[in-house]
Amino acid sequence: MITANPVPTQPAAADAPTRWQRLWRDAVRDPRELLELVGLPALAARVSDTAAAQFPLRVPRGFVARMRHGDPHDPLLRQVLPLDDEDRVVPGFVLDAVGDRAARGGPGIVHKYEGRALLVATGSCAIHCRYCFRRHFPYGEETAAAGQWREALAYLAADPGLDEVLLSGGDPLSLATPKLAEFTEGLAGLPHVRRLRLHTRLPVVLPERVDDGLLAWLADLPQQRVVVIHANHPHEIDAGVARALGELRRAGATVLNQAVLLRGVNDDVAALAGLSERLFEAGVLPYYLHQLDRVAGAAHFEVPDAEALALHAALSARLPGYLVPRLVREVAGAPAKLPVASLG
Ligand SMILES: *Cc1c(COP(=O)(O)O)cnc(C)c1O
Ligand code: SF4
């Protein structure tokens, strides 16, 4: 834009987007373009414009490249394509499925469990997963990174019982590395916080995010570092993703995976076993297998508890114990994620 009195700006180089930021911005956002790319133009008839307007399609091109061409049941495609199934109103599927609003500890702070506080670092994600429980969360209004993290750091400072802080979102790695460093510089003044955990899907959906700057930041942190990634199907982990995960480990992070049990994506033993094995090849241990949060628009992804338990039993019979994730459900008001086996 040309203005009469231009204000001095930073030199262009300081603002130049990094490679991952360019790839991020280049994500596919039009369902019809996505369907062209995977060779399924006829599926456009089933796309819901209502759902796409409420929670837009967003998927990095590298993730699209891992989809099977011409397969309408592709497990990666199903996670991102806004279909007319989402328009069905199903009783029990609600806007705030996990009671986040009630557990709000301050702007962008969700403190539900003893010793751990979760910061909604940002509302942005590189990919929009159709089953996401936060698809209706009012992110724009409240994130911990707003205001230079001051309120989040003050909250953590005021509670010496907090020994772990989780950066979540949205996806915390959608913040630029200097913004993350701003937070950890403040955190270094709080010795009671011994562990920093990142909940992020970016190493899976945009592995280019794991760049030298991020790795240097991670390697220098005084806290113990845990990175919990999110992959639901073995096809999500290609060679580039495996490389990024290896680099996170070499930077000193323990890397774990959480998955969501999803109808039509990973609701069979072969997919779940394949996921655990592929993760382990990449140096990652499975952590949780979540039962779906009952969020409006996601009912078609639900696998009933009885079936989930049967799948989990079959998985346990097939894999060594360390490759079997804990099957859990988040229950509003509960002191932890609850084993589905205890719910009955
Ligand atoms: C899931 C969650 C955690 C982490 O729980 P873990 O069992 O430690 O993985 C922490 N805080 C909130 C608000 C959560 O939803
Ligand atoms: S990356 Fe995580 S927070 Fe973002 S849309 Fe997917 S499931 Fe939700």
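**Notebook: domains, core and strands**

I first looked up the interface and noted that about 2,800 Å² is buried between domain 1 and domain 2, with carbon and sulfur atoms giving 60% of this area. I recorded that the model is a predicted one. I chose the buried area as my starting point because the size of an interface is often given as the accessible area lost when the parts come together.

**Entry on the domains.** I then checked the bounds: domain 1 covers 2-9 + 18-87, and domain 2 covers 104-343. Taken over C-alpha atoms, the centres of domain 1 and domain 2 are separated by 22 Å. I listed the residues in the contact and found 27 residues from domain 1 and 36 residues from domain 2.

**Entry on the nonpolar core.** I asked which residues have the most contacts inside the largest nonpolar core. They are Leu34, Val59, Met67, Trp149, Phe183, Leu187 and Trp217, in a core of 96 residues. Helix H12 (residues 269-281) supplies the largest share of this core, namely 5 residues. I noted further that the core draws at least three residues from each of domain 1 and domain 2. As general background, I wrote down that nonpolar side chains tend to be buried together in soluble globular proteins.

I took Val59 as an example and looked up its neighbours. Leaving out residues up to four places away in sequence, Val59 touches Ala27, Val28, Leu34, Val64, Met67, Val80, Ala126 and Ile127. I also found a second, separate core of 6 residues, and Val226, Val228, Tyr288 and Val328 are among them.

**Entry on strand S8.** Is strand S8 (residues 285-290) mostly covered or mostly uncovered? I found S8 mostly covered, with 5 of its 6 residues buried.

I next examined how S8 pairs with strand S7 (residues 253-260), and I recorded 5 bridges in the parallel sense. In one of these pairings, Asn257 has Pro286 of S8 as its bridge partner. Following the chain from S7 to S8, I passed through H12, and I noted that this β-α-β crossover is right-handed.

I then turned to strand S9 (residues 326-329). S8 and S9 run parallel and are joined by 3 bridges. For Leu289, I found the bridge partner Leu327 in S9. Between S8 and S9 the chain crosses through helix H13 (residues 305-318), and I entered this β-α-β crossover as right-handed.

Conventions. Residues numbered from 1 in each chain as written. Chains lettered and ligands numbered in written order. Predicted model: local features only at pLDDT ≥ 70, side-chain atom pairs only at ≥ 80, totals over all residues. Heavy atoms only, no water. Core = buried A, V, L, I, M, F, W, Y, C linked by side-chain atoms within 4.5 Å. Buried < 20%, exposed > 50% of the residue type's maximum accessible area, 1.4 Å probe, protein only. Helix = DSSP H or I, 4+ residues; strand = E, 2+ residues; numbered from the N terminus. Domains from an automatic or database assignment. Contact = heavy atoms within 4.5 Å. Pairing = 2+ DSSP bridges. Right-handed = clockwise from strand over helix to strand, strands pointing away. Buried area = accessible area lost by both parts, 1.4 Å probe.
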